[in-house]
Amino acid sequence: MDSATGSAPAAGKLYSREILSLATELANYPYIDDAAAKASARSRSCGSTLDIALRTNASGEIAAVGLAVTACAVGQAAAAIFALGAEGKAAGDIDAADAALRAWLTRSGEMPDWPGIAFLTAAREFPGRHDAIRLPWRAARLALSNPTHAG
């Protein structure tokens, strides 16, 4: 308990059971060494890093996601949420989702239409985590912009 307010510490709201559980989901998305679409992203605010490797189908839609993440549990959970909803998405879908996520985090837009994103609601109160949350979408945008991304 926070003695000043009589409420649970802010970190308790941020690091919920759901966030911690999602962070463990990353084990289901090992990095794909031979993927043609790869990129890295780094958070300037907290130093979190994310390497993404994507396999795409002939239409350019994501068919498989591989991740290597060095981040707090919120950043890890965001990466897992990305991976859980990425299959079948094309570059335009990722661009739109990233823009919607940025707007939602800064309270200038509605919650993005991405499975599981609601689990990150408490993180909106922590602007220092916003960049880490957006890492997978930013990295995927970079990976998919590579002209040799199909594979």
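**Exercise 1.** Classify cysteine 46 as buried, partly exposed or exposed.

*Solution.* Buried means under 20% relative accessible area, exposed over 50%, and partly exposed in between (1.4 Å probe, protein chains only). Cysteine 46 has a relative accessible area of 35%; therefore cysteine 46 is partly exposed. The model is predicted: local features need pLDDT of at least 70, side-chain atom pairs count only at pLDDT 80 or more, and totals for chains, interfaces and linings use all residues. Residues are numbered from 1 along each chain as its sequence is written, and side-chain values use heavy atoms, without hydrogens and water.

**Exercise 2.** Determine how many disulfides there are.

*Solution.* A disulfide requires a pair of cysteine sulfur atoms within 2.5 Å. The count is 0 disulfides. For cysteine 46, the nearest cysteine sulfur belongs to cysteine 72, 6.0 Å away. Cysteine 72, likewise, is in no disulfide.

**Exercise 3.** Compare the expected span of helix α5 with the distance between its end C-alpha atoms, and locate its kink.

*Solution.* Helices are DSSP runs (H or I, at least four residues), numbered from the N terminus. The expected span is 1.5 Å times one less than the number of residues. Helix α5 (residues 127-144) has 18 residues, so the expected span is 26 Å. Its end C-alpha atoms are 27 Å apart, which agrees. The bend at a residue is the angle between axes fitted to the seven residues ending there and the seven starting there. A kink of about 45° lies at leucine 135, shortly before proline 136.

**Exercise 4.** Assess the confidence of the chain.

*Solution.* pLDDT is the predictor's confidence in each residue, from 0 to 100. The chain mean is 86, and 87% of residues reach 70 or more. Over residues 1-9 the pLDDT is below 50. Where pLDDT is low, the predicted coordinates should not be read in detail.

Key. Helices (H or I, at least four residues) and strands (E, at least two) are DSSP runs, numbered from the N terminus. Contact means heavy atoms within 4.5 Å.
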